[in-house]
2 protein chains.
Amino acid sequence: MTIDRPLPLDSGQQLASVTIAYQSYGTLNADRSNAVLVCHALTGDQYVACDHPTTGKPGWWARMVGPGKPIDTDRYFVLCANVLGSCMGTSGPATVDPATGAPFGMGFPVITIADMVRAQAMLLDHLGIARLHAVVGGSMGGMQALAWASAYPERLVSAIVIASAARHSAQNIAFHEVGRQAIMADPDWQGGQYYAAHAPTKGLAVARMAAHITYLSEAGLTEKFGRRLQARDAKSFGFDADFQVESYLRYQGLAFTDRFDANAYLYITRAMDYFDLAEAHGGRLAAAFAGAGDVRFTLVSFDTDWLYPTAESRRIVQALQSVGAAASFVELSAPFGHDSFLLDVPALDRLVAGALRNGG
Amino acid sequence: MTIDRPLPLDSGQQLASVTIAYQSYGTLNADRSNAVLVCHALTGDQYVACDHPTTGKPGWWARMVGPGKPIDTDRYFVLCANVLGSCMGTSGPATVDPATGAPFGMGFPVITIADMVRAQAMLLDHLGIARLHAVVGGSMGGMQALAWASAYPERLVSAIVIASAARHSAQNIAFHEVGRQAIMADPDWQGGQYYAAHAPTKGLAVARMAAHITYLSEAGLTEKFGRRLQARDAKSFGFDADFQVESYLRYQGLAFTDRFDANAYLYITRAMDYFDLAEAHGGRLAAAFAGAGDVRFTLVSFDTDWLYPTAESRRIVQALQSVGAAASFVELSAPFGHDSFLLDVPALDRLVAGALRNGG
């Protein structure tokens, strides 16, 4: 869907028009009160509950969204839009700039989490949805949910924020910077103007490998791989992938380059690094939620998530409670690290289902 | 110093002759009983207490080694040798292969921590030192100290193992694999035959950046950098280093390429990943220390070190105690993460000084 209105951006620039690619699941009810917006993470997309068109794999949260699932498409009208700056149909650096007829590349304006949310609000306007039953997201999706609660609290009944943060830490920024430098170090990157030639797949794969480690827990990696070798039963005394964990990471890096644009990775990681909800409020996080006293919040963290650890969720809950918002918080135990929000954690399913029922 | 004897390697290959570059500090006493071998970490070298010839910076452990320092060169004859596979004078991939007249490159045999220690033992033989008052090392240096205790316990009075591990975990291997892939993805790497052309500095810098994050604690990064911006006081809405932590990491990556060889980085990380002292003993770590019952061990970990965490040191201590070795263990509190062993931690100074006095 293309919205032919300008989208103002936090940078001061604007996009003359913006395309927002989205998927919907379920049916909007007569009083338009059952819409649930699912916000995706860094490398996610709108294919939350249907097969991915490139990889053919099931939706990234198919276990959570669908008929009879915790986010029940028999009850809710579920929307998921590809974020601004991404590469699955929504305007981003790979999009053709109407002004030049060539892909934006690094000419695309740098965007923020608030810009992503502003674009989503335009989509809701377009669809005639004044208010969401809930906004739900994990990781960067949770950042969007928090930004929604800050910017448009009157449009939310409830917000569900999973394994997320209200700001990127120095360590978070550092890991992203490694990924960006890996991409920019690839000579195929060519300052972002690679669309007519080879994409910087090697750099993007390295970026993905580094990030992927941060999505898993140390204990989870040990349990899944330990020091187990590949099929051959001895060390090669070479530089092939001897260990299963090496082979796994190489595969994760390579597979990612089939479905993701390197420039989009640069832009979205930048948006995450810039994210600090308190910044515009003199560093006081509570002030960012000043208008959100009537929104019902559910926050969830995982005990093995070292990317966005429990302490950060607790800090958000304190800020919410200080403005009188109803904010429930649970730290779940799961072995998968940050990726727990995407994986088989039945307690999370129950929490999300319950939060949606209570939200209305 | 070149030793014109073949060095047998764990891979089954051998080096026909081996050069070992080392520095010594202090004076060997008449009964040759005051030698202390300091083993360096991944990117360290023999310049433990004197200025580095390339960077001009003070020795990497100048705060620990010197006259009146905890490793007191007025009392001890301190040796530090560049490890096998490295690039500061000891035989490694950048060394000229006498058989071809060209640098070994990837033709250098893959080496192990035990191979490094075997080369150090040859150096001690050459110097007429039958027994060490102590072997001391942090990080990969600690792995060498443990390998010494396993292979040559009769040659040790004591071993001091700081912020180290008896095996590389899946997460440790994963981070190293990211670094190796970053180097190998750099087209300047050219299969390791870059010595006559441009070195793969971009890939090596990315590898260093990724590794560097693992050397610091999350809290330490937050304290040191937080989300502070560079001198300019606003976000650039671009991809320059806006945050101080980005600028710091870029500098760390770049500076590293001035003093280190990319192939050496591949070989030494491989040796660390292969390290698992228990492997040759049916997985029983205690069996690796079967002959070390008379060695006095001091192990130190740091509470903020997530690379080689305290639990791993505890596991080693249990194995040592089960073979009757005297093993003392302390977890120190320090904010610097893994790098604490190199930094200003007065309690570590006191521990090392005390362990050396008690060792004799």
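Here are some questions and answers on how the two chains of this predicted model meet and where the annotated sites sit.

Q: What makes the pair B:R270 and A:E246 a salt bridge?
A: The test is a side-chain nitrogen of Lys or Arg within 4 Å of a carboxyl oxygen of Asp or Glu. The side chains of B:R270 and A:E246 meet at 2.7 Å, N to O, so the pair passes that cut-off of 4 Å. Side chains of opposite charge can pair when their charged atoms come close.

Q: Why is the pair B:E279 and A:K235 said to join two chains?
A: Start with the distance: the side chains of B:E279 and A:K235 form a salt bridge at 2.8 Å, N to O. Now look at where the partners live. B:E279 is in the loop between α7 (262-274) and α8 (285-288) of chain B, and A:K235 is in the loop between α5 and α6 of chain A, so the bridge links two chains.

Q: How many salt bridges are there between chain A and chain B?
A: Twelve salt bridges run between chain A and chain B. Over all chains, the structure holds 28.

Q: How many residue pairs are in polar contact across the interface of chain A and chain B?
A: The rule picks out 26 residue pairs, with both residues at pLDDT 80 or more. As for what chain A brings to its side, α3 (170-185), α4 (201-215), α5 (218-224), α6 (244-257) and α7 (262-274) each supply at least two residues. The largest share comes from α3(A), with twelve residues. Sorted by class, that side of chain A has 27 nonpolar, ten polar and 16 charged residues.

Q: What is buried between chain A and chain B, and on which atoms?
A: The two chains bury about 4,700 Å² between them, and 70% of that is on carbon and sulfur atoms. In chain A, the residues that lose the most area to chain B are A:R227, A:F237 and A:F239, together 18% of what that side buries.

Q: Why is the relation of the two chains called a two-fold axis?
A: Check the superposition: a turn of 180° with a shift of 0.0 Å along the axis lays chain A on chain B with an RMSD of 0.0 Å. That is the relation of a two-fold axis. The contact fits in with this picture: the same surface serves both copies, and 100% of the contact residues of chain A recur in chain B. The contact takes 53 residues from chain A and 53 residues from chain B.

Q: Why can A:S139, A:D305 and A:H338 be said to gather at one spot?
A: UniProt, in an unreviewed entry, gives these three residues the annotation "active site". They span 200 residues in sequence, but no two of their C-alpha atoms are more than 10.6 Å apart, so they gather at one spot. One of them, A:D305, is in the loop between β12 (296-302) and α9 (310-322) of chain A.

Q: Where does UniProt place the feature "binding site" in chain A?
A: The unreviewed entry puts the feature at A:R208 and A:D339. The two are spread over 132 residues of sequence, yet they cluster in space, with a largest C-alpha distance of 14.0 Å. A:R208 is in helix α4 of chain A.

Note on methods
Residues are numbered from 1 along each chain as its sequence is written. Chains are lettered from A and ligands numbered from 1 in the order in which they are written. Side-chain values use heavy atoms; hydrogens and water are left out. Contact means heavy atoms within 4.5 Å. Buried area is the accessible area (1.4 Å probe) that two parts lose on being put together, summed over both. A polar contact is a pair of N or O atoms within 3.5 Å; within protein, one must be able to donate a hydrogen and the other to accept it, and residues adjacent in sequence count only if both atoms are side-chain atoms. Helices (H or I, at least four residues) and strands (E, at least two) are DSSP runs, numbered from the N terminus. Ala, Val, Leu, Ile, Met, Phe, Trp, Tyr, Cys and Pro count as nonpolar, Asp, Glu, Lys and Arg as charged, and the others, Gly among them, as polar. Copies are superposed by least squares on the C-alpha atoms of residues with pLDDT of at least 70 in both. UniProt positions are given in the numbering used here, feature names are shortened, and annotations may be inferred rather than shown by experiment.
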